[in-house]
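The following exercises invite the reader to work through a protein model, one step at a time. Each task is followed by a worked solution.

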Amino acid sequence: MESNIQVFLLHEHKKYLDGTAELINTYWSRSKAARLWTLEKSCDKLPCSIILVLTENGKEEVIGHSRILEAQGVDNACYVETVVVKSDLRGRGFGRRMMEESEKFASCKGYKQMFLNTIDKEKFYSHLGYTESHPVITLGANASKLPQHMIDKLTQSTTRCTKSTPTLPPSTATTLPPPSNTVAAPHHPNPNGFTTVAPPPPPPLPPTSKKCQPTEGCNRHVMELCCDPSKVTWMRKDLIPKVSS
């Protein structure tokens, strides 16, 4: 059996768009149209999708993908996402190869740091030299459309502040006791003879649906955890600069 692995920039080989969308959707469920819309934004700058293509006995198949975007708020930093390898080929070094190619591409573009987040692959990324870090944001292909002052505002360190309720000075008024000769208001029976009944309470609100709705064939564990920010670990790595030959 003859096999060969090749690395491509997706926008330079658009015939692999469908195969790439199908691969990613086996792990992160999304409509194919929406997935293709995102993948088609790949370009020579960023965002850029990198793919691994396996050729075996004359048949080609997309087996790996990563997407690199610029990170805002950190100098010369990028963010890698949607790193995936075909499930039955994991454990054979393709994930490492995918990350190495991503780092090489980013380094050639002048980026000095690469950020990512993960929910269950901390050990894998640690072995590749990544350490835990603060979160970053990325505006993707839309970054160039926003003025710099708006980007700066979005990337400022945000601390959630709750408005404190002003403390009122203690009242100086003296509370008078109720008069001793207070008489309760007389009860007036309903002239029609009916007993007044309080209206029933409103029905409970319907349960809020999850943001992520796993579909058949996708990784349900990942889809459920991705809705919980507390399960996400942010990591970063300093990239080795490309040495000119």
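**Exercise 1. Identify the bridge partner of Leu69 in E4, and then follow the pairing onward into E5.**

Solution. In this predicted model, Leu69 has Tyr79 of E4 as its bridge partner. This bridge belongs to the pairing of E3 with E4, which is antiparallel and extends over six bridges. The next step starts from Tyr79, whose bridge partner in E5 is Phe115. E4 and E5 run parallel and are joined by three bridges.

**Exercise 2. Describe the hairpins that E3 forms with E2 and with E4.**

Solution. Begin with E2 and E3, which run antiparallel and are joined by nine bridges. One example is Thr55, whose bridge partner in E3 is Glu60. Two residues lie between the strands of this hairpin, and Asn57 takes a positive phi near 55°. Continue with the hairpin of E3 and E4: six residues lie between the strands, and Gly73 takes a positive phi near 90°.

**Exercise 3. Place the strands in their sheet, and explain why E1 and E6 each have one side without a neighbour there.**

Solution. First, establish the order: seven strands form an open sheet, arranged E1-E2-E3-E4-E5-E7-E6, with mixed pairing. Second, locate the edges, where strand E1 (3-9) and strand E6 (131-132) stand; each has a single partner strand, so one side of each is left without a neighbour in the sheet. Third, examine the pairing of E6 with E7, which is antiparallel and has two bridges. Within it, Thr131 has Arg236 of E7 as its bridge partner.

The sheet order may then be compared with the order along the chain. From the N terminus, the elements run β-α-α-β-β-β-α-β-α-β-α-α-β, a total of six helices and seven strands.

**Exercise 4. Determine which elements build the largest nonpolar core, and which element gives the most to it.**

Solution. The largest nonpolar core has 26 residues, and those with the most contacts inside it are Ile68, Met99, Met114, Tyr125 and Tyr130. Two or more residues come from each of strand E2 (48-56), strand E3 (59-70), strand E4 (77-85), helix H3 (94-108) and strand E5 (113-118). H3 gives the most, with five residues. Another core, of 14 residues, lies apart from this one and includes Ala21, Leu23, Leu36 and Val84. As background, nonpolar side chains tend to be buried together in soluble globular proteins.

Next, consider the surroundings of Ile68. Beyond its neighbours within four places in sequence, Ile68 is in contact with ten residues' worth of surroundings that include Leu46, Pro47, Cys48, Tyr79, Phe105 and Met114.

**Exercise 5. Decide whether Ser102 and Leu154 are buried or partly exposed.**

Solution. Ser102 lies in helix H3. Its relative accessibility is 0%, and a residue under 20% is classed as buried, so Ser102 counts as buried. Residues up to four places away in sequence aside, Ser102 touches Ile50, Ser66, Ile68, Val80 and Met114.

Leu154 lies in helix H5 (residues 148-154). Because its relative accessible area is 45%, which falls between 20% and 50%, Leu154 is partly exposed. Together with Ile137 and Met150, Leu154 makes a nonpolar surface patch of about 240 Å².

**Exercise 6. State which residues of H1 are buried and what covers them.**

Solution. In helix H1 (residues 17-25), the buried residues are Leu17, Thr20, Ala21, Leu23, Ile24 and Asn25. Their cover includes helix H2 (32-39), E2, E3 and E4. A general point helps in reading such a list: an α-helix has 3.6 residues a turn, so residues three or four places apart point the same way.

**Exercise 7. Find how far apart Asp238 and Met114 are in sequence and in space.**

Solution. Asp238 lies in strand E7 (residues 233-238). Asp238 and Met114 are 124 residues apart in sequence, while their C-alpha atoms are 6.6 Å apart in space. Not counting residues up to four places away in sequence, Asp238 touches Lys112 and Gln113. With 49% relative accessibility, Asp238 counts as partly exposed. By contrast, E5 is mostly covered, with five of its six residues buried.

For the protein as a whole, residues 24 or more positions apart account for 66% of the contacts with a separation of 6 or more.

Methods:
Residues are numbered from 1 along each chain as its sequence is written. This is a predicted model: local features need pLDDT of at least 70, side-chain atom pairs count only at pLDDT 80 or more; totals for chains, interfaces and linings use all residues. Side-chain values use heavy atoms; hydrogens and water are left out. Helices (H or I, at least four residues) and strands (E, at least two) are DSSP runs, numbered from the N terminus. Contact means heavy atoms within 4.5 Å. A nonpolar core is a set of buried Ala, Val, Leu, Ile, Met, Phe, Trp, Tyr and Cys residues joined through side-chain atoms within 4.5 Å. Buried means under 20% relative accessible area, exposed over 50%, partly exposed in between (1.4 Å probe, protein chains only). Patches are made of residues with over 30% relative accessible area and no salt bridge: like charges are joined within 9 Å, nonpolar side chains (Val, Leu, Ile, Met, Phe, Trp, Tyr) within 5 Å. Accessible areas come from the Shrake-Rupley method with a 1.4 Å probe; for residues, only the protein chains shown count as cover. A salt bridge is a side-chain nitrogen of Lys or Arg within 4 Å of a carboxyl oxygen of Asp or Glu. Two strands pair if DSSP finds at least two bridges between them.
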